[in-house]
Amino acid sequence: MKRLGTFGLHELINSLSNNTQMAGFVRMQKILVVGAGFAGAVYARMLAEGGYIVTVIDRRSHIGGNCFDYIHESGVRVHKYGPHLFHTSNHRVVAWLSQFTSWVDYNHRVVAKIDGDRLVPLPINRKTLNITLGLDLKTSEQVEEYLTNVSSKDDVISNAEDWLFANIGKKLTDLYFRPYTKKMWNLDLSDMDASVVKRINIRVDDDDRYFPLDTFQGMPAEGYTNLFEKIFEHERINVLTNIEFDKKMLPDYDFCFNSMPIDVFFDYEFGDLPYRSIKFHTKIVRIADAASEVTINYTDSGPYTRETWWHNIPNHHLFETGEVVCTVEEPCDYKENYMERYYPVKTHDRRYENVYQLYSNKAKELRNMQFIGRCGTYQYLDMHQVINQSLIGAAKWLTERQCK
């Protein structure tokens with residue numbers, strides 16, 4: 001990978017084309033990838049290995065998208081855009097990533113703060129019920145019986161509130177999820193799509209892992225930024241940061257894979273697609289005053305949703321200074337945070353998906369462009385899902401070109 005900063009795009013293209021012709025090859029097709037996050041990185045690597053010349057641009061000053069991490073002056077590795085915790089049961093994704101990184105084992109755990117300072121496991125498990133409600137449930141069968149008794153019997157699930165009421169009842173929903181959801185999404189649970197909370201794993205035993213059903217959990221041993229550097233390390237990949245996409249670039253390329261917000265590309269023709277964003281408040285704390293947990297969720301009605309103590313993640317406390325770092329998250333509308341888009345808003349009536357579909361239909365008319373990634377496809381996706389989609393999409397595109 002070459003890090004080319006603001007080197008002129010036309011100079012780069014001409015240079016690569018000339019070098020290819022001098023080597024006696026037929027001109028390789030030139031591909032533009034917009035965005036240096038996981039979607040863009042997977043497409044870039046797959047296409048470069050397929051023989052294409054790939055230019056990756058990103059409007060930010062760094063690669064890695066929202067997974068970008070760095071070493072703080074305290075000696076702790078910090079994820080600039082909030083914790084990214086890799087977990088999956090898709091071992092094809094793990095195998096592909098493992099070409100570029102080794103792993104350290106890590107099973108993520110979260111606690112929720114209630115009644116001021118009490119910390120209880122989240123998602124809800126048997127310990128959560130016993131601590132929160134003063135119960136003495138000893139078996140999984142007792143937990144199941146309790147949840148059955150307090151849950152609603154309505155078979156119609158039309159929103160997130162319905163799903164939670166049907167699985168844990170009103171009291172637990174109102175304590176652990178209603179205030180958090182309101183500040184995270186600026187929506188009541190009754191307005192949200194059920195798919196958002198169906199990601200939550202409710203346990204009837206004492207397993208307090210946040211992702212208990214995934215067969216692989218771990219962190220890149222040298223961090224995410226190092227992982228991206230290795231993915232981009234290919235003679236036919238060139239990365240340019242601090243570059244905003246411009247439609248005037250397109251004639252210089254044979255095809256474009258674009259992870260920018262699709263509504264921005266079409267100049268908001270059908271209206272804007274809303275996102276929630278996060279303001280990150282990072283503070284330095286004496287190690288003696290640090291928490292022993294990684295993530296603490298806030299269940300109150302205040303503006304903050306959670307705090308992350310980075311030094312407690314394996315391979316994140318790299319050298320001792322006597323200080324560590326804590327990041328507190330404050331959700332907001334993306335327009336209140338420099339247009340930083342993190343989470344697509346999903347309502348139960350699918351009104352924003354309907355707007356996205358108008359953009360998606362219009363995008364099908366573009367002959368040499370495909371939208372990819374969370375913002376390009378307006379989907380709420382985990383890392384492994386983005387990677388899997390991109391591996392499938394890139395392989396399909398390469399196969400179709402070989403058949404022509």
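# A kinked helix and two open sheets

Let me begin with one pair of strands, E7 and E10, the latter covering residues 216-220, which run antiparallel to each other and are joined over 3 bridges. If you look for one of those bridges in the structure above, you can find Val104, whose bridge partner in E10 is Met219. I should say straight away that what we are looking at is a predicted model, so please keep that in mind throughout.

This pair belongs to an open sheet of 3 strands, which come in the order E6-E10-E7 with antiparallel pairing. Strand E6 (86-88) and strand E7 (103-105) are at the edges, and because each has a single partner strand, one side of each is left without a neighbour in the sheet. From one strand to the next, the twist averages 40°. For those of you who are new to sheets, it may help to recall that strands of a sheet pair through backbone hydrogen bonds, either parallel or antiparallel.

Now to the other sheet. In which order do the strands of the 7-strand open sheet come? The order is E9-E8-E14-E15-E16-E13-E17, and the pairing is mixed. Here E9 and strand E17 (343-344) are the edge strands, each with a single partner, so that one side of each has no neighbour in the sheet.

Let us walk through some of the pairs in this sheet. Strand E15, residues 306-309, and strand E16, residues 323-333, are antiparallel and pair over 4 bridges, and within that pairing Trp309 is found opposite Cys326 in E16. E16 also runs antiparallel to E13, and how many bridges join those two strands? There are 11 bridges between E13 and E16, and one place to look is Ile278, which stands opposite Pro331 in E16. E13 pairs with E17 as well, again in the antiparallel sense, over 2 bridges, and here Tyr275 has Pro344 in E17 as its bridge partner.

A helix also lies across part of this sheet, and that helix is H7, which crosses strand E13 (275-286), strand E14 (295-298), E15, E16 and E17, and runs at about 105° to E13.

That brings me to helix H6, where I would like to spend a little longer. H6 covers residues 160-176, which makes 17 residues, and yet its end C-alpha atoms are only 13 Å apart, whereas a straight helix at 1.5 Å a residue would reach 24 Å. Where is the kink in H6 centred? It is centred on Ile168, and the kink is about 115°.

Ile168 is also one of the buried residues of H6, a list that includes Trp163, Leu164, Phe165, Gly169 and Leu172. The buried residues of this helix pack against a number of elements, among them strand E8 (110-114), strand E9 (118-122), helix H4 (126-133) and helix H7 (178-185), so here we meet again two strands of the mixed sheet, E8 and E9.

At the start of H6, a side-chain oxygen of Asn159 comes to within 3.1 Å of the backbone nitrogen of Glu161, and the side chain of Asn159 also reaches the backbone nitrogen of Asp162, at 2.8 Å. Asn159 itself is in the loop between H5 and H6. Is Asn159 buried or exposed? Its relative accessibility is 8%, and because buried means under 20%, Asn159 counts as buried. Leaving out residues up to four places away in sequence, Asn159 touches Leu189, Ser190, Met192, Ala194 and His348.

Asp162, which is found in helix H6, is likewise buried, with a relative accessible area of 17%. Beyond its neighbours within four places in sequence, Asp162 is in contact with Val156 and Ile157. The C-alpha atom of Asp162 is separated by 8.4 Å from that of Leu189, although these residues are 27 apart along the chain.

I will finish with some details of the backbone. Most residues other than glycine have a negative phi, and most peptide bonds are trans. Against that background, the peptide bond from Leu122 to Pro123 is cis, with omega near 0°, and Pro123 is placed in the loop between E9 and H4. Asn315, in the loop between E15 and E16, has a positive phi, near 65°, and with a relative accessible area of 35% this residue is partly exposed. Arg350, in the loop between E17 and helix H11 (351-363), also has a positive phi, near 60°, and at 44% relative accessibility Arg350 counts as partly exposed.

Notes: Residues are numbered from 1 along each chain as its sequence is written. This is a predicted model: local features need pLDDT of at least 70, side-chain atom pairs count only at pLDDT 80 or more; totals for chains, interfaces and linings use all residues. Side-chain values use heavy atoms; hydrogens and water are left out. The expected span of a helix is 1.5 Å times one less than its number of residues. The bend at a residue is the angle between axes fitted to the seven residues ending there and the seven starting there. Buried means under 20% relative accessible area, exposed over 50%, partly exposed in between (1.4 Å probe, protein chains only). Contact means heavy atoms within 4.5 Å. A polar contact is a pair of N or O atoms within 3.5 Å; within protein, one must be able to donate a hydrogen and the other to accept it, and residues adjacent in sequence count only if both atoms are side-chain atoms. Two strands pair if DSSP finds at least two bridges between them. Axes are lines fitted to C-alpha atoms, for helices over the stretch in contact, and angles run from 0 to 180 degrees between N-to-C directions.
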